[in-house]
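Trainee: Please pick one part of this structure and look at it closely with me. I would then like to know how that part fits with the rest.

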2 protein chains.
Amino acid sequence: MPKRVDHAERRTEIAEALIRVAGRRGLHAVGMRDVAAEAGVSLRLVQYYFQTKEKLLLFGLEQLAERFGERVSARVRAAGDQPGPRAMVEALLMAALPTDDESRTFHHLYTSYAVLAVHDQALAAQPFIKNPDAAEDALTELLRQAQEATLLEPGVDARLEAVGLLAMSAGLGTSILVGQRSPESAVTVLDHHLNRIFRTGDEAG
Amino acid sequence: MPKRVDHAERRTEIAEALIRVAGRRGLHAVGMRDVAAEAGVSLRLVQYYFQTKEKLLLFGLEQLAERFGERVSARVRAAGDQPGPRAMVEALLMAALPTDDESRTFHHLYTSYAVLAVHDQALAAQPFIKNPDAAEDALTELLRQAQEATLLEPGVDARLEAVGLLAMSAGLGTSILVGQRSPESAVTVLDHHLNRIFRTGDEAG
DNA sequence: AACATCGTGGTACGTTCGTATCACAAACCC
DNA sequence: GGGTTTGTGATACGAACGTACCACGATGTT
């Protein structure tokens, strides 16, 4: 049976199985055997492509961050057609909210990894810590552009505002995740804050 | 040896041992034996006072939430002496940031529980989900009072603002926890946002 | 054709975990 | 003061976990 096989592809498949099963049952509850079953391969294979569970988790995290980064930037690009930069800002912030299954899983697992990273140096050094920095830079740049087009209220510090908005979005995301808040109310909150930053361009005076 | 013993007190001691060891090594890594060792009792005793690990975790969470709620409200009360309501708002938001060991542990464990609660109904029904609601109400009330005293900028919705600020504080807290951001920069961000809500009362024009 | 390597399966090993069981001494009750 | 309850110790048990080991067929190389 053993034809030559693309290792990278195989690893990706297994990592996606990890993400699926971890999304269903929680990262803490997932074992190598679960991942193997979910991926439809034997336990031995998971061991073969990842030697250790830690490496599997690390790679799964990379996969997760990559997939979600693509999702967010795709949404932002899609919003780029619309009139103002506010649409892109909204797209960036809203895309990070856990509104559907995929983003719920992302939020959930990202938070799980963050918790593990508190005491795991290997995880703490992982680029998923750097990804928020990228989002921060992107949002800051968007706000700066809006500022130059005099679309923002005076007195707004683009970087501080970007950091705050991202933190707010993340915090709201957690609230949604645990069922404390509905996605709709989170959107309302974010919108209100954007309204206080952007000069009123909505039809509602 | 067995004198009659105060069960509630014993349970509290053991739960605090749980919090300590979970704070050191992560909630996912703590077992009954670890808790027993930390509390200086035998494994059997932990079993005796809590029948199951789940009950121990639940009680530990209650303990954690209670202890932290007291801490925050104490800080808010202490800030009540100062001139404006802004001081109390700041106290409320800053007290939730993981700046020292105690608040770091709280943030870390609270997030751990939140992650577990995503797939654990017993945890999801726990009052630690309701505690943020209390904070939200308190902060909303503080902002309303400030609003009546015309201390706020016009166009501010007290409730939406409260929700947003708490989410922002929580999000910033996570950033601090994973080492992405310093406590000082988080304070700066929060202050900037408060400056945009409160009419300028600082000496810096 | 011979041989080395790769992909794969099955399974065993040692550990750790949560829980259950057995035993017993001190304290309380009447 | 006999008997029940209560607090405590030690230890056993079954399951699950990550990992290691053994075997073997298919593939590629020379």
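Mentor: We will start with one helix of chain B, then widen the view to other residues, the whole chain and the pair.

This is a predicted model, in which local features need pLDDT of at least 70 and side-chain atom pairs count only at pLDDT 80 or more, while totals for chains, interfaces and linings use all residues. Residues are numbered from 1 along each chain as its sequence is written, chains are lettered from A and ligands numbered from 1 in the order in which they are written, and side-chain values use heavy atoms, with hydrogens and water left out.

Our helix is α8 of chain B, residues 131-148. Helices here are DSSP runs of H or I with at least four residues, strands are runs of E with at least two, and both are numbered from the N terminus. With 18 residues at 1.5 Å each, α8(B) should span 26 Å, and its end C-alpha atoms are indeed 26 Å apart, so the two agree. The expected span is 1.5 Å times one less than the number of residues.

Which residues of α8(B) are buried? They are Glu136(B), Leu139(B), Thr140(B), Leu142(B), Leu143(B) and Ala146(B). Buried means under 20% relative accessible area, exposed over 50%, and partly exposed in between, with a 1.4 Å probe and protein chains only. Looking down the axis of α8(B), these buried residues fall within an arc of 160 degrees, so they line one face of the helix; the arc is that of the directions from the helix axis to the C-beta atoms. Their packing partners are α5 (85-95) and α9 (158-177) of chain B. Just after α8(B), Thr150(B) takes a positive phi of about 50 degrees.

Now to another helix of chain B. Gln63(B) sits in α4 (residues 53-79) and is buried, with a relative accessible area of 11%. Leaving out residues up to four places away in sequence, Gln63(B) touches Thr12(B), Ala15(B), Glu16(B) and Ile19(B); contact means heavy atoms within 4.5 Å.

In chain A, Tyr113(A) belongs to helix α6 (residues 101-117) and is buried at a relative accessible area of 2%. Among the residues that Tyr113(A) touches are Leu18(A), Leu57(A), Leu64(A) and Phe128(A). Leu27(A) is another of these contacts; Tyr113(A) and Leu27(A) are 86 residues apart in sequence and 8.3 Å apart in space, C-alpha to C-alpha.

Stepping back, chain A has 10 helices and 0 strands. Of its 205 residues, 45% count as buried. Among contacts in chain A between residues at least 6 apart in sequence, 64% join residues at least 24 apart. The C-alpha atoms of chain A fill a box of roughly 65 × 35 × 30 Å along the principal axes.

Finally, the pair. A rotation of 180 degrees, with 0.0 Å of shift along its axis, superposes chain B on chain A with an RMSD of 0.1 Å. The two copies are thus related as by a two-fold rotation axis. The superposition is by least squares on the C-alpha atoms of residues with pLDDT of at least 70 in both copies. Of the residues of chain B, Met168(B) comes closest to that axis, at 1.9 Å (C-alpha). Also, 100% of the interface residues of chain B are interface residues in chain A too, so the copies meet through the same surface.
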